[in-house]
Amino acid sequence: MVFTLIFAGGTGYGIGPSLKPKQFLEVYGKPVIIYTLEHFENHKDVDEIVVVCLESHINELKRLTDRFGITKVSMIVPGGKTGHDSIYNGLKAMKEKAQDDDIVLIHDGVRPLITEKLVTDNIEAAKKYGAAITVEPARESVVQSKDQINICYVPNRNNMYIAKAPQSFSYKLIYEAYEKAAKEQKRTVDSAQLCSIYNIPMYMVESTKNNIKISVPEDYYMFRALYEAMENQQIFGI
Amino acid sequence: MTTALILAGGTGTRMNSRVKPKQFIEIHGKPILIYTLEHFEYHEEIDDIVIVCLEDWIEKLKIYLHRFGITKVYEIVPGGPTGHDSIYNGLVTLKKKANPDDIILIHDGVRPLITGELITENIRTVRKSGNAVTVEVIRESVIKSTDGKFVSDVPALNQMFVAKAPQSFYFKDISEVFEQAEKDGFKAIDSAHLMNHYGKTLHMVKSTKNNIKITEPADYYMFRALCQAAENQQIFGI
């Protein structure tokens, strides 16, 4: 089985006067989370979707999945305090259903600009290597600073990447990593960082371009602009 | 004296724009390069501007400067095969008139989304600490891979930044490292990379948001959307 675990737990400092959590912001009448879910709904190799959602918005999400014809969502689980806790909640909730070697694609609800091919590449890589991280080559130099004032190191840009999502794993591997972290009271920014702490080898899958995470108001405008440009491409074939 | 050295030598091979290099692509009737130049034109602490430009476009650029009222440009120099060479060409030209303790702000012609405050902060930091590299906090994990296939390291996120522009230096310091690189046959990705290569300490300035570099078609759409959002804000005060 292939599961997708969608993280839509961000309380968001909501965006705009409505203070809607960002995953529920609408673009042309459709919430961002639905744009994201559609990629998995329409992918033939994805069997089930588990969504980790802000508890206060679970009912709204149910209505939306109904209205937009998203049928693969088998569970909606309340989010935790941080992204890390939310993913762990999701993995725990899946325990009864998931077999050790099932695949879990962990994805952000606010990353709607992915493609069918990226999902396929993730599934294949996770099956083969156990852990697959979507990455984008760094387009600008990455620099390191330990004191937040001076730069101490500028690594060769050719070796540097930015982690995106999906981040995909065999169920047993990722569940055990989160369980271990819970015992040791460790929290990480994403699953890539968690795997790195426990020395789990991760294969890199090259991201499609513009795999942006909508987290500040400008990102919303960028998403809308990119979405429009893509729709126009259908006609003009730019 | 404080001089802005603007790099506009790129050919735009990634932009799908067969007719125009990316810095000359127009948004609402004004070339991107002009949007960038205006920030320096209107900043009272900038005395003059040197532009490194694609040779074939120098005449056209002169017409644009006149049409859009950019008056501080002291010289236009032809670009080299790489960004490194272009900066070097600019510095060689500056040598004729620059004093060792003049401040040089090196900026990309395709980074129009900066502010007067960012320029001020660059100048202030050079005076205080000797140089200034504009950086942005990273919101996604940074990954290092030495083989391009597997993740070799996930450095602590709170230590990692993305280098942006302007990157600002005393003339004597930046020309010294570029002279040295010329002797050593070393080519750097940007000035921060070069200074780090020669063991110089660099100081960070926090970038304004959305300091994007327009190098791919999607960037163009994002820039246009951000321009529009900023214009709308004047009215709606979002």
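What follows is a chat about a predicted model with chains A and B.

Biologist: Let's start with exposure. Why is A:Gln185 called exposed?

Modeller: The cut-off for exposed is 12 or fewer other C-beta atoms within 10 Å. A:Gln185 has 6, so it counts as exposed.

Biologist: And where does A:Gln185 sit?

Modeller: In the loop of chain A between helix 5 (171-183) and helix 6 (191-197).

Biologist: What makes the phi of A:Gln185 worth flagging?

Modeller: Phi is near 55 degrees there, a positive value, and the residue is something other than glycine.

Biologist: Which residue of chain B has a phi near 50 degrees?

Modeller: B:His28, again a positive value in a residue other than glycine. B:His28 belongs to the loop between strand 2 (26-27) and strand 3 (30-31) of chain B.

Biologist: How do you know whether B:His28 is buried or exposed?

Modeller: Count the neighbours again. Buried would take 20 or more, and exposed takes 12 or fewer. B:His28 has 9 C-beta neighbours inside 10 Å, so exposed is the label.

Biologist: On to the peptide bonds. Why is the one joining A:Ala165 and A:Pro166 called cis?

Modeller: Look at omega: the value is about 0 degrees for that bond. A:Pro166 is part of strand 10 (residues 160-170) of chain A.

Biologist: What is the peptide bond from B:Ala165 to B:Pro166 like?

Modeller: Cis, with omega near 0 degrees. B:Pro166 has its place in strand 9 (residues 160-170) of chain B.

Biologist: How many residues of the two chains are in contact?

Modeller: 42 residues of chain A meet 41 of chain B, where contact takes C-beta atoms within 7 Å. Several elements of chain A each give at least two residues to that side, including strand 7 (131-137), strand 10 and strand 11 (203-206). Helix 7 of chain A supplies the largest share, seven residues.

Biologist: What makes up the side of chain A that touches chain B, by class?

Modeller: There are 24 nonpolar, nine polar and nine charged residues.

Biologist: How do you know that strand 8 of chain A pairs with strand 9 of chain B?

Modeller: Pairing needs at least two bridges. Three bridges join these two strands, which run antiparallel, so the definition of a pair, at least two, is met.

Biologist: Which residue stands opposite A:Val143?

Modeller: B:Phe161, in strand 9 of chain B. That is the strand that holds B:Pro166 of the cis bond too.

Conventions: Residues are numbered from 1 along each chain as its sequence is written. Chains are lettered from A and ligands numbered from 1 in the order in which they are written. This is a predicted model: local features need pLDDT of at least 70, side-chain atom pairs count only at pLDDT 80 or more; totals for chains, interfaces and linings use all residues. Helices (H or I, at least four residues) and strands (E, at least two) are DSSP runs, numbered from the N terminus. Ala, Val, Leu, Ile, Met, Phe, Trp, Tyr, Cys and Pro count as nonpolar, Asp, Glu, Lys and Arg as charged, and the others, Gly among them, as polar.
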